2 protein chains.
Amino acid sequence: MPTYRAPIDDYRFLLTEVFDTAKLATYPGYEEVTPDLLASVVEEAGKLCETLLFPLNMSGDAEGCTWENGVVRAPKGFKEAFKQYADAGWIGLACDPAFGGQGLPIVMRYVVDEMVCAANLSLAMYPGLTQGAFETIHVHATADLKAKYLPRMATGEWTATMCLTEAHAGTDLGMIRTRAEPLDDGSASISGTKIFITAGEHDLAGNIIHLVLAKLPDAPAGSRGISMFLVPKFLDNPDGSLGAPNGVSCGSIEHKMGIKGSATCVINFDNAKGWLVGERHKGLKAMFTMMNGARLGVGIQGLGLADASYHSAVAYARERLQGRSLSGVKNPEGPADPIIEHADIRRGLLFMRAFVEGARALTVFCAMHLDDEFRSPDADARAHAADLVALLTPVIKAFFTDFGFECTNIGLQTLGGHGYIREYGMEQYVRDARIGRIYAGTNRVQALDLVGRKLPEGGGRLLTRYARLVAEEVAASRAIPELVAHADVLAAAAKQLQEVTMTLGMRAMKNGDEAGAGASEYLRFLGFVAIGHMWLKACRTAVERKAAGGTFDAAWYDTKLATARFYFTRMMPQCAALAAAVQAGAAPIIDFPKDRF
Amino acid sequence: MPTYRAPIDDYRFLLTEVFDTAKLATYPGYEEVTPDLLASVVEEAGKLCETLLFPLNMSGDAEGCTWENGVVRAPKGFKEAFKQYADAGWIGLACDPAFGGQGLPIVMRYVVDEMVCAANLSLAMYPGLTQGAFETIHVHATADLKAKYLPRMATGEWTATMCLTEAHAGTDLGMIRTRAEPLDDGSASISGTKIFITAGEHDLAGNIIHLVLAKLPDAPAGSRGISMFLVPKFLDNPDGSLGAPNGVSCGSIEHKMGIKGSATCVINFDNAKGWLVGERHKGLKAMFTMMNGARLGVGIQGLGLADASYHSAVAYARERLQGRSLSGVKNPEGPADPIIEHADIRRGLLFMRAFVEGARALTVFCAMHLDDEFRSPDADARAHAADLVALLTPVIKAFFTDFGFECTNIGLQTLGGHGYIREYGMEQYVRDARIGRIYAGTNRVQALDLVGRKLPEGGGRLLTRYARLVAEEVAASRAIPELVAHADVLAAAAKQLQEVTMTLGMRAMKNGDEAGAGASEYLRFLGFVAIGHMWLKACRTAVERKAAGGTFDAAWYDTKLATARFYFTRMMPQCAALAAAVQAGAAPIIDFPKDRF
């Protein structure tokens, strides 16, 4: 049976030692925030994840959701656990207190997300989009809509969805056919069918608030003619109580590879009443408030599942006796050595660990920049942070889900044949992790977003800003003798990244396919550099705290350094291969005769 | 819905143009064999796979196997399809005609295997181990046992298993507890419980012949005290008809991630009657006759599933309209371009194709050396071939299943969200492919076999012999101007492989963990070289045949060259990263404090 242990210590390290969370108290609304407060929130959330959500993870997978005549039921126990989770205020954790939220920094939303997704991804999907919908409505909707919907979303009394995809239009939303006919009362009548709607229908909450992309009659063609509407499952009575059902129904749920406890719905809108959110024809822009958060959130799912798989793999590797270590017997009293004594098993565990801890640091780094972007009193800092978030969002989404999937596979592999058996729980992590590479924009779309939008922006401003931070970290770390070698590795990779960026940019100007052909490998390269950046920063903190005294004992900091060593020596070499692949250019791909595939 | 198209053309290319199959006619027993005969056998088998086995693939997954009071039922249609397949003689294809086989070259067993596994892996598992058991009994058993069991195995009237694993002993077979008590009549009484027994119990055949590893009372401890026994499900009457049930029962079947149509059984032996196969206490050696074939077969499963996934991914990519090509509109009449126009989609398809065709060539190359090893009249050729097979078997098993899994994931990803939905069939390929990295010895075990046994053998004789073949191919290809660049890439990789081999060998002499820490990446490196070797050879054939005239048109040969170009420019760069990881050595792994994981 798998185990889950929330990463309390690692988050305490990140939130109280590595990153300057004390500065958050200078932001309006965060006056009460202290590093210790944040660490104790993690502890509370971690407990809930371990004891409330995790125990329902395997049973939820085995049972799945049911659909009957339009009614969807989540697996046993989900409704009660969701209520307990919502009642404790976790859904509105980082939401505006003016609308019922807890008003904690944005970074905490993502920190808690990691643990919730690790403990029970399917269950996490029900409240998962509600925070993003809250933000979207908060930023783009009228005061009326905000007052009516936000407070009950912050408490989890109601949940929310994002309705984008149609059967013929996934990546290419310009082709959607859902129509919005304006009505005299200022609302609109929405008709169309959306697919792949996460938590589109379920029995956990009293109402479901759909944010729906649709086209008004006078819409320009393509993606510039899309508007966003708020479409509730139930309309409301004048007194605020739930009113008549709206024209929204669930046509079916999907049979999926994983996240079986999460209802993925076909949602039919038949003259459903909806209200415009944001400007007419500018719904895609409004939706990106939600989408960017969703992309970070999906990346973090990869991180969480990797961590969950890691703990179970370690526990198995300590207990399973098989063979003798190649460097001599380690367990002479037993019939064989625990497999954790085998170098290749340890290699797998270290790969998982080095990814997880590095990715976790990058999560905090990026999410703290969200707080800077939205709450810093300093306009320059806001602009700077917005750039970093824009650059890193596709990287986190794609790199974390690719490597999260890889890590869950290493976890499965650690158990040998038992990893393939359902009762051990490791194959569920693999199946659940697989969706992250697809939804909220496939990883290919993330790569194109990075290379086609984020890199060219402002003449390369985003990467230039980011590269400066990396260079600063390299310089600071070079002052510490035991970090020089790591700093050199990162510096070399960062330099090569600049060269590859230049080459890619020059070529893409001549032929757009050059960008497409190199995008995925380029994103991965940047991901390695970004996690390397975090590892260097974490190492510097570890060395300093070990010397000066910190929350943990010396051995704890040494473990950080040992994990970093694996990352820099055994994982970073990938960068050279990725650079070479990008440098090979598009010709070997686009010259292939397409009718011969 | 997925599609499957048997790779008839590619096999015709390999069997009649790339490899010298004409020489097989000079081997005793193969006098009638011609290249065209082999190609037409592929065509026949391909048809059967497309029309008989493939249509049951998805239904078999959805239904799975059932176990009730010891009785196991395969999914609907399996029994009838198996019978038709067996009746047509396919199970005994490469078996000795003296015992009911068809007597075709060994290479054909693996060629047909690829297509059978691609079409329906679960169904393929029922006859899958019977050929290997046939060989094992053929080589190691008494004339009596051979006469009694082989003819009915060759026809598929009876199937066979290999019973190795016990709950506490998988990789480490020295710890097995199954006991064999000698009986006065020369047989033995077998008692113990085996797990993970593929096709251990089912309703497709009249009898099941288990090859069981057990320990005799006077057995030395560990793996040198293991004997192999033939234990039938039903004993036989003096007249050859089926007699009383033996003490063999199926305790349960596993709930697995994939290959759900294949029954994976717990098999209990309670004083079951068995007969020694091979020498007392030397059962592991005898079992390796079977295991080596099984390892090649499992590798080929990875190849087959990659190919199956490829065809469905291509079909979807041609039809699915989404977005516009970055190099300009390609489908102006339609609302969007087919996604095959997007460079990154093509990159994925080419990755699959380059792996599949390269791996297929390596399959034929290796399997033809099996014919050399067992049928060549020339003793030197036999010894040489045995070395190559020994070296390449772990590479094919591990590399093909790792990359097969990766390819099925690329196939799934090509379909975006639809790839995650069961009805599209792509996620089944991923789940089915996942087991290949585990069974018949995990890929980690393959890497240790390569580095710990195959490399040191005879002072590096195996790799030296193999490297000579690679060098010869490089030299021959350098004479063809358009292949010089590819030949240079392969030559550089082969040179670096030698250096890495040297370093690894020197270090491993001092500390066995060095071998373990670098083994998996080393194996992958060798895999890239081996497939590169095949690509170069295929290119040379393509250039020559294009000029001189061959079975195919010029465009067909050009497609080969275009696929090879992708392999050499976009995939081979991986080698540098793998070399660097191996060179980093074991210290970053074994210095990590193990109680801190």
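Helix H9 of chain A gives the largest share of the lining of the second largest pocket, nine residues in this predicted model. The pocket itself has a volume of about 1100 Å³. Its lining counts 47 residues, and those closest to the centre are Thr289(A), Asn292(A), Leu370(A), Glu373(A) and Phe374(A). H9 has plenty of company around this space: at least two lining residues each also come from helices including H5 (106-119), H7 (130-140), H10 (343-375) and H11 (379-414) of chain A. Further along chain A, H13 (443-454) and H14 (461-478) each chip in with at least two as well. As for chemistry, the lining splits into 22 nonpolar, 10 polar and 15 charged residues.

Open pockets are one kind of empty space, and enclosed cavities are another. Rolling a probe the size of a water molecule over the atoms shows where empty space is left. Here, six cavities of 30 Å³ or more turn up in the structure, and the largest cavity has a volume of about 50 Å³. Around that largest cavity sit Leu463(A), Tyr466(A), Ala467(A), Val470(A), Ala494(A), Leu497(A), Gln498(A), Leu526(A) and Val529(A). Two or more of these lining residues come from each of H14, H15 (484-510) and H16 (512-548) of chain A. H14(A) takes the largest share, with four residues. Sorted by type, the cavity lining has eight nonpolar residues, one polar residue and no charged ones.

Now for the way the two chains go together. A turn of 180°, with a shift of 0.0 Å along the axis, lays chain A on chain B with an RMSD of 0.0 Å. This is the relation of a two-fold axis. In chain A, the C-alpha nearest that axis belongs to Ala577(A), at 2.9 Å from it.

The contact draws on 97 residues from chain A and 98 residues from chain B. Of the interface residues of chain A, 100% are also interface residues in chain B, so the copies meet through the same surface. The size of an interface is often given as the accessible area lost when the parts come together. Between chain A and chain B, the buried area is about 8500 Å², and carbon and sulfur atoms give 56% of it. On the chain A side, Tyr420(A), Arg570(A) and Phe597(A) lose the most area to chain B, together accounting for 12% of what that side buries.

Charge pairing shows up too. Side chains of opposite charge can pair when their charged atoms come close. Over all chains, the structure holds 81 salt bridges, and the count between chain A and chain B is 10. In one salt bridge, the side chain of Asp591(A) meets that of Arg565(B), at 3.0 Å from N to O. Another salt bridge stays inside chain B: Asp87(B) pairs with Lys83(B), and their closest N and O atoms are 2.8 Å apart. These two residues are four apart in helix H4 (residues 78-87) of chain B, so about one helical turn separates Asp87(B) from Lys83(B).

Technical notes
Residues are numbered from 1 along each chain as its sequence is written. Chains are lettered from A and ligands numbered from 1 in the order in which they are written. This is a predicted model: local features need pLDDT of at least 70, side-chain atom pairs count only at pLDDT 80 or more; totals for chains, interfaces and linings use all residues. Side-chain values use heavy atoms; hydrogens and water are left out. Copies are superposed by least squares on the C-alpha atoms of residues with pLDDT of at least 70 in both. Contact means heavy atoms within 4.5 Å. On a 1 Å grid over the protein atoms alone, a cavity is a set of points where a 1.4 Å probe fits but cannot get out, and a pocket is an open set with protein on both sides within 12 Å along at least five of seven lines; lining residues have an atom within 4 Å of a point. Grid points are joined across faces, edges and corners, and a volume is the space filled by probe spheres set on the points. Ala, Val, Leu, Ile, Met, Phe, Trp, Tyr, Cys and Pro count as nonpolar, Asp, Glu, Lys and Arg as charged, and the others, Gly among them, as polar. Buried area is the accessible area (1.4 Å probe) that two parts lose on being put together, summed over both. A salt bridge is a side-chain nitrogen of Lys or Arg within 4 Å of a carboxyl oxygen of Asp or Glu.
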